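This report describes the arrangement of strands and helices in a single protein chain, together with selected local details. The reader is invited to follow each section alongside the sequence and the structure.

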Amino acid sequence: MRRFAAGIAVVTFVSEGEPNGLTVGSLVSLSLEPPLIGISIGLDSARHEPLRDAGRFAVSILAGGQEALAQHFARSGIPPVALWRGIPLRENGHPEPLIDGAVAWLGCATRAEHWAGDHTIFVGEVEWIDLGTDGAALVYYRGEYQSVG
C-alpha cells in the first residue's frame, strides 16, 4: 500500500467535553446521495473508543505544507489537552475543532461502524462542507508526506 497515494486528513471530535483528533490516510467517499464518507481507525488506537463515543466528527483535509500537523496528530500517547497546544485553528461554529489552512472541511454524523480486521470503518454522513485554500493537497506516498496539485 506504500505505492498507493493516500490523501491526508485530521479527524477531530469532542469526547467527554474535550477536543480530540488523529491523522488518517483512509478517508474515502462512499456515496453521493446521501453524502457518506468512510474512515478506518485501528482498534488499538487510543482515539478509537473516544471517536466511537462522540457520535460525530469533523475532517480537515490537509493542504500541502501541513506535514508537521499530520505528524503531530499521528503520534499516539498525547493527552487530548496537550494535543492542541500551538495548533492553528479555524474559527467556526461547530463543536469539533478545525485545522486552519486546510483545503476543505467536512462535518459528519456517524451513521454506521463496520468491523474490518484490526480496524473499524466509521461511516459518516456529511452534514456540512466548507472549502479552504485552492492549492496543493497533502498525500502520503512511499512512506513520506508529499504535496500534490
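## The three-stranded sheet

In this predicted model, three strands form an open sheet whose order is β1-β9-β10, with antiparallel pairing. Strands β1 (6-7) and β10 stand at the edges, and each has a single partner strand, so one side of each is left without a neighbour in the sheet.

The pairing of β9 with β10 is antiparallel and is made through five bridges. Within the pair, V139 faces a residue of β10, namely Q146, which stands opposite. The loop between β9 and β10 (144-148) contains R142. Although R142 is a residue other than glycine, its phi is positive, near 55°. R142 has a relative accessible area of 44% and is therefore classed as partly exposed.

## The seven-stranded sheet

A second open sheet is formed by seven strands, and its order is β3-β2-β6-β7-β8-β5-β4, again with antiparallel pairing. Its edge strands are β3 and β4 (28-32), each of which pairs on one side only. From one strand to the next, the twist averages 35°. As a general matter, strands of a sheet pair through backbone hydrogen bonds, in either a parallel or an antiparallel manner.

Several neighbouring pairs can be followed residue by residue. Strand β2 pairs with β6 (residues 56-61) in the antiparallel sense over four bridges, and T12 stands opposite A58 in β6. On the next step through the sheet, β6 and β7 (residues 104-116) pair in the antiparallel sense over six bridges. There, S60 is placed opposite W105 in β7.

## The hairpin of β4 and β5

Strands β4 and β5 form a hairpin, with two residues between them. Their antiparallel pairing extends over four bridges, and S31 stands opposite L36 in β5.

The loop between these two strands, β4 and β5, is the place of P34. The peptide bond that leads from E33 to P34 is cis, and its omega is near 0°.

## Loop residues E16 and G77

Residue E16 lies in the loop between β2 and β3. Its phi is positive, about 50°, although E16 is not a glycine. Is E16 buried or exposed? With a relative accessible area of 78%, E16 is exposed, because the class of exposed residues begins over 50%.

Residue G77 belongs to the loop between α2 and α3 (80-83). G77 is likewise exposed, since its relative accessible area is 65% and the cut-off for exposure is over 50%. G77 and E127 are 50 residues apart along the chain, and their C-alpha atoms are separated by 30 Å.

## Helix α2 and the two sheets

Helix α2 has strands of both sheets among its partners. In the seven-stranded sheet, α2 lies across β2 (9-15) and β3, and it runs at about 110° to β3. In the three-stranded sheet, α2 lies across β9 and β10, running at about 145° to β10.

## The largest pocket

What is the volume of the largest pocket? The volume is about 630 Å³. Rolling a probe the size of a water molecule over the atoms is a general way to show where empty space is left.

The lining of the largest pocket consists of 31 residues, and T23, V24, G25, S26 and S40 are those that lie nearest the centre of the pocket. Four elements, β3 (18-24), β5 (35-42), α2 (67-74) and β9 (137-141), each supply at least two residues of this lining. The residues of the lining comprise 15 nonpolar, 10 polar and six charged. The lining thus draws on β3 and β5, which belong to the seven-stranded sheet, and on β9, which belongs to the three-stranded sheet.

How values were computed
Residues are numbered from 1 along each chain as its sequence is written. This is a predicted model: local features need pLDDT of at least 70, side-chain atom pairs count only at pLDDT 80 or more; totals for chains, interfaces and linings use all residues. Side-chain values use heavy atoms; hydrogens and water are left out. On a 1 Å grid over the protein atoms alone, a cavity is a set of points where a 1.4 Å probe fits but cannot get out, and a pocket is an open set with protein on both sides within 12 Å along at least five of seven lines; lining residues have an atom within 4 Å of a point. Grid points are joined across faces, edges and corners, and a volume is the space filled by probe spheres set on the points. Ala, Val, Leu, Ile, Met, Phe, Trp, Tyr, Cys and Pro count as nonpolar, Asp, Glu, Lys and Arg as charged, and the others, Gly among them, as polar. Buried means under 20% relative accessible area, exposed over 50%, partly exposed in between (1.4 Å probe, protein chains only). Two strands pair if DSSP finds at least two bridges between them. Axes are lines fitted to C-alpha atoms, for helices over the stretch in contact, and angles run from 0 to 180 degrees between N-to-C directions. Contact means heavy atoms within 4.5 Å.
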